[in-house]
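Got the structure open in your viewer? Let's walk through it stop by stop, with something to select each time.

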Amino acid sequence: FMNVPNNKGFTLIELLVVLVVTALTTSLLMTGLNTTWTNFEKLSSRNLIFSQAQIPKTWFTESIRGALLSHPDTPTFSGTDHRISMLSFLTPDTTAVPKQVVWELREQNGTSVLGIVEGEAQYSALLTFNEPVHFEYLIQQEWQRTFSPTIGQLPRAVRIQGTQTQVLALVYRPTDADVPPEIPAFGKYEF
């Protein structure tokens, strides 16, 4: 019989080469995954911070969008350059029930703070602007700093205006409360 070497297995060198290649591949894969997760966490926290900063602006614009008129002779919306009082069905508490909403801008150390007044005098600060800002109202294609109608009327839009800041909120309802023409034929006009 001849002496034939048995080549049914791997040599130690071949196994070591496979282990080194596997270790290098795993190491590169783990480094790439770690970098990906770190970037994902940074992006998520940045988006969360951005989203939290947008919430008060969204509440403000939504409440203006939901401004309501209740009667042609009764004003439900009035505003100065630092305070808005209105009836709205899109309120920050998300009850979807029409209620009185009061937004207020307060000056603090060269900045302005947007807040909502709840109840008698409970002011909740929601958003700080890095400059003095004020409310403006779009009435008949002109921006004005006060809005105090004597009848049921809404401005077309409201904005928070500063030199570098602008937040625009549109009113999505008719700006005048109209009396339907057929009402006088039936007598009294009541709500």
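Before the first selection, one definition: two strands count as paired if DSSP finds at least two bridges between them. Keep in mind, too, that this is a predicted model.

**The whole chain**

Start with everything shown as cartoon. You should find 1 helix and 9 strands in the chain. Going from the N terminus, the elements run α-β-β-β-β-β-β-β-β-β. Now colour by accessibility: of the 191 residues, 31% count as buried. If you like contact maps, residues 24 or more positions apart account for 44% of the contacts in the chain with a separation of 6 or more.

**The sheet of 4 strands**

Next, pick out the open sheet of 4 strands, which has the order 7-6-8-9 with antiparallel pairing. Strand 7 (142-144) and strand 9 (166-170) stand at the edges with a single partner strand each, so one side of each has no neighbour in the sheet. Neighbouring strands here are turned by 25° against each other on average, ignoring direction.

Now zoom in on strand 6, residues 134-139. How many of its residues are buried? For strand 6 the count is 6 of 6, so by the under 20% cut-off on relative accessible area the strand is mostly covered. Show the side chains: His-134, Glu-136 and Leu-138 point one way, while Phe-135, Tyr-137 and Ile-139 point the other way, and all are buried.

Strand 6 has a partner on each of two strands, and you can trace them in turn:

- Towards strand 7, the pairing is antiparallel, with 3 bridges. Select Tyr-137 and Gln-144 to see one bridge pair, then Ile-139, which stands opposite Glu-142.
- Towards strand 8 (residues 157-161), the pairing is again antiparallel, with 5 bridges. Here, select Phe-135 together with Ile-160, its bridge partner.

**Two loop residues with positive phi**

Stay where you are and follow the chain from strand 6 into strand 7. This hairpin has 2 residues between the strands. Select Gln-140, located in that loop: its phi is positive, about 50°, although the residue is not a glycine. Is Gln-140 buried or exposed? Gln-140 counts as exposed, at 71% relative accessibility.

For another case, jump to Asn-109, in the loop between strand 3 and strand 4. Asn-109 also has a positive phi, near 50°, in a residue other than glycine. Its relative accessible area is 83%, and because exposed means over 50%, Asn-109 falls in that class.

**The sheet of 5 strands**

From Asn-109, widen the selection to the other sheet on this tour. This open sheet of 5 strands has the order 1-2-3-4-5, with antiparallel pairing. Its edge strands are strand 1 (77-79) and strand 5, each of which pairs on one side only. The twist averages 20° from one strand to the next.

Pick strand 4 and strand 5 and turn on the backbone hydrogen bonds if you want to follow the pairing. The two strands pair in the antiparallel sense over 7 bridges. As an example, select Val-117 with Tyr-123, its bridge partner in strand 5.

**The largest pocket**

Keep Val-117 selected, as it also belongs to the next stop. Rolling a probe the size of a water molecule over the atoms shows where empty space is left. The largest pocket holds about 180 Å³ of space. Among the 14 residues that line this pocket, the closest to its centre are Pro-92, Lys-99, Ile-116, Val-117 and Glu-118.

Which elements give two or more residues to the lining? They are strand 3 (99-108), strand 4 (111-118) and strand 5 (122-129). Strand 3 provides the largest share, with 4 residues. Colour the lining by residue class and you get 7 nonpolar, 4 polar and 3 charged residues.

**Last stop: Ser-63**

Finally, go to helix 1 (residues 12-65) and select Ser-63 within that helix. What is the relative accessible area of Ser-63? The value is 0%, so Ser-63 is buried. To see what surrounds Ser-63, leave aside the neighbours within four places in sequence and show its contacts: Met-86, Ser-88, Leu-90 and Trp-103.

Terms used. Residues are numbered from 1 along each chain as its sequence is written. This is a predicted model: local features need pLDDT of at least 70, side-chain atom pairs count only at pLDDT 80 or more; totals for chains, interfaces and linings use all residues. Side-chain values use heavy atoms; hydrogens and water are left out. Axes are lines fitted to C-alpha atoms, for helices over the stretch in contact, and angles run from 0 to 180 degrees between N-to-C directions. On a 1 Å grid over the protein atoms alone, a cavity is a set of points where a 1.4 Å probe fits but cannot get out, and a pocket is an open set with protein on both sides within 12 Å along at least five of seven lines; lining residues have an atom within 4 Å of a point. Grid points are joined across faces, edges and corners, and a volume is the space filled by probe spheres set on the points. Ala, Val, Leu, Ile, Met, Phe, Trp, Tyr, Cys and Pro count as nonpolar, Asp, Glu, Lys and Arg as charged, and the others, Gly among them, as polar. Buried means under 20% relative accessible area, exposed over 50%, partly exposed in between (1.4 Å probe, protein chains only). Contact means heavy atoms within 4.5 Å.
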